[in-house]
Amino acid sequence: MPITIEIPTAFRRFTDGSPKVDCSATTIAEALNELTSRFPDLGRHVRDDQGQIRQFLNVYLNEEDIRFLGGENCTLKDGDRVLLVPSIAGGSGS
Amino acid sequence: MAVHYRLRCKECGKTWDNSPRSFCEDCFSPVEVSYDYDALKKTVRREDLASREFNMWRYSELLPLSEDFAPTGAVGGTPLVASRKLASRWGLQELYFKNDAVCFPSLSFKDRVVATALAAARRFGFETVGCSSTGNLANAVAAQAAQQGFDACVFIPADLEPAKVLNTAVYGARIVRINGNYDQVNRLCSQIADRFHWGLVNVNLRPYYSEGSKTHGYEIAEQLGWRLPDNVVVPMAGGSLIGKIAKAFRELVTLGWVEAKPVKFFGAQATGCSPISDGVKRNLQRFEPQKPNTIARSLAIGNPADGPYAIKLIRESGGWAEDVSDPEIVAAIKLLAESEGIFTETAGGVTTGVTQKLIAQNRIKAHETTVVCITGNGLKTTDAIAAEYPATEAIAPRLDAFEAYLETQIGTTAPATVSAKA
């Protein structure tokens, strides 16, 4: 089984409307790279100028935040689901 | 009342019409409500408030409400309690507790945010409202949804305090218990908001919801006689409230309602869930998420969405963040109750305990005006302190039985020396 990346509605305009994208990556980093090379316009919304995953984008492997799994180098196995969820901050500060 | 606000992306600055959205569709960063202050200056003056009732709606022009909005009930307008005992004990000249433990209708500051969120829900045509919640928010959504005729569906971690679950259930809300912590519940709610046409107050209505927090700040300034304090100690869960109090103070300065002055913002967390205070102390560019393990369930958010903004604000204001252990939280709840007659939930124990720490660290000084935010009621988290008060043995309804009791408890029955003091 492939790895499935679930795409939130707001991102689907970059994925030709697809709610799910399959890939064959072995790490989260590879999965994101595969996704953004297939859909280049999505690239700047996934990573910032320093190449880090954007601060207000949360990435989950199945039900777990990848930051608890060692970050984007954590390994994937067949059938895993990768979720991209924009962070819901209320906005505050200056 | 003409509408003088719209949504604005906090990162790229793009503006968006008023709508149920929580992030910028261009850059996917958070949006917040932004106001035309020049227009507001012409719309409302500070003097206009004098004739209005003391609740959050007295600041209506400064909130994101529609032109035809009519309040359905009084929310906010809580006491600013001038401390005598703790001020004296801690050596402070001016110490206040802003007491949202008695905020109506559901006894926490979350009533304020739900009030503005449901105003937005009605405007955008939602029939069902909901939230992800650590308890207080679910109480507030359920109560105000019942009052205003919305269907309510709330999502909570399965192991929440029984009193908080009951305080939601009683209003007839649908409660969905999730096997997971708050951060997992919150992530699920983001997905639900993406799928269903529901007004989730802290997801797709979040820009409007979080503006309600400003009224906590407006009230502090007004109750101090239209002046700003030197220090504010604020509990942090998602990290939104502290920024909204800062926004409230900035707005009052912009409108010319208070004199500008530097205010230090101090953030308070439980040590068992302290990603923001950890980020402040270690000067991290990005906080590290944590798995919460604390009795302060209402602050148990390990991945605080507004954490980056809270860290920036605290550091730029010259404030600091601290955290307290579970035993320190319990001790602080007791201290506040015994000293000031305020029974707060665990979050208030956190701010009180952290204040004590900040004074000991000389970050809060004797001559300054300090306000400590109490955001919830102790009746909701009695489990956290029940072990402190084991049941005592009952006595017979006779005077000799009471005298025998006094003899064993304080070693005398002489009326002149008998005191109730423990």
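## Exercises on a predicted two-chain model

In this predicted model, 23 residues of chain A are in contact with 34 residues of chain B.

**Exercise 1.** Find which elements give two or more residues to the side of chain A that touches chain B, and sort the residues of that side by character.

*Solution.*
- Step 1. Two elements of chain A qualify: β3 (57-61) and β5 (81-86).
- Step 2. β3(A) gives the largest share, three residues.
- Step 3. Now sort the residues of this side. They divide into 10 nonpolar, 10 polar and three charged.

**Exercise 2.** Describe the build of chain A: which elements does chain A have, and in what order do they run?

*Solution.*
- Step 1. Count the elements. Chain A has two helices and five strands.
- Step 2. Read from the N terminus on. The order is β-β-α-α-β-β-β.
- Step 3. Look at the contacts in chain A with a separation of 6 or more. Residues 24 or more positions apart account for 51% of them.

**Exercise 3.** Test whether the radius of gyration of chain A agrees with that of a compact globule.

*Solution.*
- Step 1. Chain A has 94 residues, so a compact globule would have a radius of gyration near 12 Å.
- Step 2. Chain A has 13 Å, which agrees.
- Step 3. Add the spans. Along its principal axes, the C-alpha trace of chain A covers about 45 × 30 × 25 Å.
- Step 4. Add burial. Of the 94 residues, 35% count as buried.

**Exercise 4.** Locate the domains of chain B, and state how far apart the C-alpha centres of domain 1 and domain 3 of chain B lie.

*Solution.*
- Step 1. Domain 1 takes 5-73 + 110-210, domain 2 takes 80-106 + 213-386, and domain 3 takes 392-422.
- Step 2. The C-alpha centres of domain 1 and domain 3 of chain B lie 53 Å apart.

**Exercise 5.** Explain why strand β10 (residues 231-235) of chain B counts as largely enclosed, and name the strands that β10(B) pairs with.

*Solution.*
- Step 1. Five of the five residues of β10(B) are buried, so the strand is largely enclosed by the rest of the structure.
- Step 2. Check each face. In a regular strand the side chains alternate between the two faces of the sheet. On one side of β10(B), B:N231, B:V233 and B:P235 are buried; on the other, B:V232 and B:V234 are.
- Step 3. Find the partners. β10(B) pairs in the parallel sense with β13(B) (residues 369-374) over three bridges. Five bridges join β10(B) to β11(B) (residues 264-270), and these two also run parallel.
- Step 4. Follow B:N231. Its bridge partner in β13(B) is B:T370. In β11(B), B:N231 stands opposite B:K264.
- Step 5. Add the helix. β10(B), helix α9 (residues 240-254) of chain B and β11(B) make a right-handed β-α-β unit.

Key
Residues numbered from 1 in each chain as written. Chains lettered and ligands numbered in written order. Predicted model: local features only at pLDDT ≥ 70, side-chain atom pairs only at ≥ 80, totals over all residues. Contact = placed C-beta atoms within 7 Å. Helix = DSSP H or I, 4+ residues; strand = E, 2+ residues; numbered from the N terminus. Nonpolar A, V, L, I, M, F, W, Y, C, P; charged D, E, K, R; others polar. Domains from an automatic or database assignment. Rg over C-alpha atoms; globule rule 2.2 N^0.38 Å. Buried ≥ 20, exposed ≤ 12 C-beta atoms within 10 Å, placed from the backbone. Pairing = 2+ DSSP bridges. Right-handed = clockwise from strand over helix to strand, strands pointing away.
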